[in-house]
Amino acid sequence: MSGAEPGEETLAESSLLSHLLELRDRLLRSVIATFVIAVPCLYFANDIFTWLSEPLRRQLPEGARIIATSVIAPFMTPFKLALLAAVYFAMPVILYQVWAFIAPGLYRHERRFALPLFVTSVILFYAGSVFAYFIVFPVIFQFFVATTPIGVEMMTDMTAYMDFAVLLFFAFGLAFEIPVATVLLVRTGLVKRETLSRNRGYVILGIFIIAAFLTPPDAVSQTMMALPMYALYELGLLMTRILVRDKAADPEQDPA
């Protein structure tokens, strides 16, 4: 009769328990880091909202302003924004805890490969947000203001604006992860580099569909996201040529 020996079952349970304890510790560190960063964010909550709303306020017609349509919005909107900002600024710590949790299960050469990708993914995430704030926001807000019908006064609710801006911040941050995702797909063998290069037409179509889901329902935002996404896709293909070797040339995949 086959089955695990009692000693093996005890060892497996001990290993599972140790992994769960480590996961708990990693999650706790992420939460603590977020709360620590949240303290100054909450103190400067109104300043953060002022900074976030500046691209829209710069485009509004003279005399127009952002309004609050709820009694508690002047307090709750900056408060929620401060908490989201804490998560945003704590993202490197959170991602590092994820990487540190899975790193022991990787081979030595995989860890050497994963760490640069981790650093690159963090840089690209923030680069996407910077691109959204300094490039995309001025263009789309100028477009929205310019297309306002005659007789309509544009007075944006502060909560609606915050939701819109934060969505674009995180959407562009995620969209800029395309080079890292491309390298991982090729490195793990899920997709061949030649297949990605040969099917650019389908990739472009998929990028525009993804951009439509990640951005508000307007063609300007969608296009402003899709074009850099495709450029980043091409960058990802270039990175695979530099970073990913043929499996036949790979060294022995011995664990550390």
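Here is a short walk through the structure above, from the whole chain down to a few residues. Keep in mind that this is a predicted model.

Let us begin with the overall build. The protein chain has 10 helices and 0 strands, and reading along the sequence gives the pattern α-α-α-α-α-α-α-α-α-α. Of its 256 residues, 39% count as buried. The surface that the protein chain exposes comes to about 15500 Å², and carbon and sulfur atoms supply 69% of that area. As for how the chain meets itself, take the contacts with a separation of 6 or more: residues 24 or more positions apart account for 83% of them.

Now zoom in on helix 1, which covers residues 6–43. One residue found there is L23. Its relative accessible area is 33%, and the partly exposed class lies between 20% and 50%, so L23 is partly exposed. L23 also has a role in a surface feature: together with L16, L20 and L27, L23 makes a nonpolar patch of about 370 Å². If you colour your view by residue type, these four leucines are the ones to pick out.

T34 is found in helix 1 as well, but its surroundings tell another story. Is T34 buried or exposed? Its relative accessibility is 15%, and buried means under 20%, so T34 counts as buried. Which residues does T34 touch, once those up to four places away in sequence are left aside? They are A86, V87, A90 and I94. The side chain of T34 also has a polar partner, reaching the backbone oxygen of S30 at 2.8 Å.

Our last stop is the aromatic rings. A search of the whole structure finds 24 aromatic pairs. Such a pair of rings is described by the distance of the centres and the angle of the planes. For Y43 and F44, the ring centres are 4.8 Å apart and the planes stand at 85°. An angle over 60 degrees counts as edge-to-face, so that is the class of the Y43 and F44 pair. The two partners can also be described by their accessibility. Y43 has 67% relative accessibility, over the 50% mark, and therefore counts as exposed. F44, at 40% relative accessibility, counts as partly exposed because this value falls between the two limits.

Notes
Residues are numbered from 1 along each chain as its sequence is written. This is a predicted model: local features need pLDDT of at least 70, side-chain atom pairs count only at pLDDT 80 or more; totals for chains, interfaces and linings use all residues. Side-chain values use heavy atoms; hydrogens and water are left out. Patches are made of residues with over 30% relative accessible area and no salt bridge: like charges are joined within 9 Å, nonpolar side chains (Val, Leu, Ile, Met, Phe, Trp, Tyr) within 5 Å. Accessible areas come from the Shrake-Rupley method with a 1.4 Å probe; for residues, only the protein chains shown count as cover. A salt bridge is a side-chain nitrogen of Lys or Arg within 4 Å of a carboxyl oxygen of Asp or Glu. Helices (H or I, at least four residues) and strands (E, at least two) are DSSP runs, numbered from the N terminus. Buried means under 20% relative accessible area, exposed over 50%, partly exposed in between (1.4 Å probe, protein chains only). A polar contact is a pair of N or O atoms within 3.5 Å; within protein, one must be able to donate a hydrogen and the other to accept it, and residues adjacent in sequence count only if both atoms are side-chain atoms. Contact means heavy atoms within 4.5 Å. Rings of Phe, Tyr and Trp (its six-membered ring) pair if their centres lie within 6.5 Å; planes under 30 degrees apart count as stacked, over 60 as edge-to-face and the rest as tilted.
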